[in-house]
Amino acid sequence: MTAKKIITTLSLVFTIAVVNGQHFGMTFQDAEKQGITIPHLDSVYKSAVHVDTAKAVFKTEKQQEGVQEKYMKLLQDFGKFLTKNKFTWEKPTRCFNRIYFNSDGTIDYFLYNFLGKPADKLSDEKEKEFTRLLNSFIKDYKFGITANEKFAQCSPTTYMPK
């Protein structure tokens with residue numbers, strides 16, 4: 001089997017898993033290792049908001065403000081979920097998220113990378129717990145906005161200690 005056929009097969013497997021209600025929270029690198037590529041996801045999920053509204057799912061200023069509001073709520077809800085589950089941050093921790101939503105507002109993929117110098121990175125154990133809790137959180141989370149098509153939203157965020 002050629003590499004192209006393997007990648008196509010993996011993409012199909014992940015597409016089927018998402019259709020069957022699977023949700024994936026992982027680093028960008030782990031996604032790549034599993035054959036989940038950003039170019040492929042970006043071909044399936046349109047940008048929620050975009051400077052060029054022709055490229056956006058949500059086109060009006062009011063719709064885009066609603067997306068930003070719900071996106072901030074999602075990050076706040078996740079922060080509360082982490083706290084409730086006794087996950088704490090020792091110091092401000094910068095992260096970049098790219099979240100892929102199904103049209104019904106469920107999260108199909110929540111990809112992230114922690115940012116900063118190697119000395120600022122989380123321990124492997126701490127990151128593993130973060131990923132476990134992330135997957136638990138996205139399993140039942142609804143974004144609060146639906147659309148006629150799948151969409152994606154991304155941003156940097158900083159997780160803060162209490």
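**Helix H4 and the five-stranded sheet**

Good morning. I begin with helix H4, residues 61-84, which has 24 residues and reaches 34 Å from its first C-alpha to its last, close to the 34 Å expected at 1.5 Å a residue. Please keep in mind throughout that this is a predicted model.

Which residues of H4 are buried? They are Gln64, Val67, Tyr71, Leu74, Leu75, Asp77, Phe78, Phe81 and Leu82. As general background, an α-helix has 3.6 residues a turn, so residues three or four places apart point the same way. The buried residues of H4 pack against four elements: strand S3 (93-101), strand S4 (107-114), helix H5 (124-140) and strand S5 (151-159).

Let me turn to the sheet. It is open and has 5 strands in the order S1-S4-S3-S5-S2, with mixed pairing. S1 and S2 are the edge strands, each pairing on one side only. H4 packs on this sheet, where it touches S3, S4 and S5, and its direction makes about 50° with that of S5. The other helix to note here is H5, which lies across S1, S4 and S5 and runs at about 155° to S4.

I shall take the strand pairings from one edge to the other. S1 and S4 pair in the parallel sense, over 4 bridges. In that pairing, Phe24 stands opposite Tyr109 in S4. S3 and S5 run antiparallel and are joined by 9 bridges, with Asn97 standing opposite Ser155 in S5. At the other edge, strand S2, residues 46-47, pairs with S5 in the parallel sense over 2 bridges. There, Lys46 stands opposite Phe151 in S5.

Two adjacent residues of S5 deserve a closer look, beginning with Thr157. Thr157 has its place in strand S5. Is Thr157 buried or exposed? With a relative accessible area of 15%, Thr157 falls under the 20% cut-off and is therefore buried. Apart from residues up to four places away in sequence, Thr157 touches Leu75, Thr93, Arg94, Cys95 and Asn97. Of these contacts, Leu75 is one of the buried residues of H4, and Asn97 is the residue that stands opposite Ser155.

Thr158 is also placed in strand S5. Its relative accessible area is 41%, and Thr158 is accordingly classed as partly exposed. Leaving aside neighbours within four places in sequence, Thr158 is in contact with Pro92, Thr93 and Arg94. The C-alpha atoms of Thr158 and Leu75 are separated by 10.0 Å, although these residues are 83 apart along the chain. In general terms, the side chains of a regular strand alternate between the two faces of the sheet.

I now come to the aromatic residues. The structure holds 24 aromatic pairs. One of them is formed by Phe24 and Tyr109, a stacked pair at 5.5 Å centre to centre, with 20° between the planes. This pair links distant parts of the chain, with Phe24 in strand S1 (residues 24-27) and Tyr109 in strand S4, 85 residues apart. Both Phe24 and Tyr109 are buried.

Another pair is that of Phe78 and Tyr159, which is edge-to-face: 6.3 Å separates the ring centres and the planes make 80°. Here again distant parts of the chain are linked, Phe78 in helix H4 and Tyr159 in strand S5 being 81 residues apart. Phe78 and Tyr159 are both buried.

Which residues form the aromatic cluster that includes Phe78 and Tyr159? The cluster consists of Phe78, Phe81, Phe87, Trp89, Phe110, Tyr112, Phe114, Phe130, Phe137, Tyr141 and Tyr159. One member, Phe87, also has a charged neighbour: Lys126 lies over the face of Phe87, at 4.4 Å from the ring centre.

Finally, I return to the end of H4. Just after the helix, Lys86 takes a positive phi of about 65°. Why is this worth noting? Most residues other than glycine have a negative phi. Lys86 is not a glycine, yet has the positive value. Lys86 is placed in the loop between H4 and S3. With a relative accessible area of 72%, Lys86 is exposed, whereas Thr157 in S5 is buried.

To conclude, H4 packs on the sheet through contacts with S3, S4 and S5, and Phe78 of H4 pairs with Tyr159 of S5. Thank you for your attention.

Technical notes:
Residues are numbered from 1 along each chain as its sequence is written. This is a predicted model: local features need pLDDT of at least 70, side-chain atom pairs count only at pLDDT 80 or more; totals for chains, interfaces and linings use all residues. Side-chain values use heavy atoms; hydrogens and water are left out. The expected span of a helix is 1.5 Å times one less than its number of residues. Buried means under 20% relative accessible area, exposed over 50%, partly exposed in between (1.4 Å probe, protein chains only). Contact means heavy atoms within 4.5 Å. Two strands pair if DSSP finds at least two bridges between them. Rings of Phe, Tyr and Trp (its six-membered ring) pair if their centres lie within 6.5 Å; planes under 30 degrees apart count as stacked, over 60 as edge-to-face and the rest as tilted. A charge sits over a ring if NZ of Lys or CZ of Arg is within 6 Å of the ring centre and within 35 degrees of the ring normal. Axes are lines fitted to C-alpha atoms, for helices over the stretch in contact, and angles run from 0 to 180 degrees between N-to-C directions.
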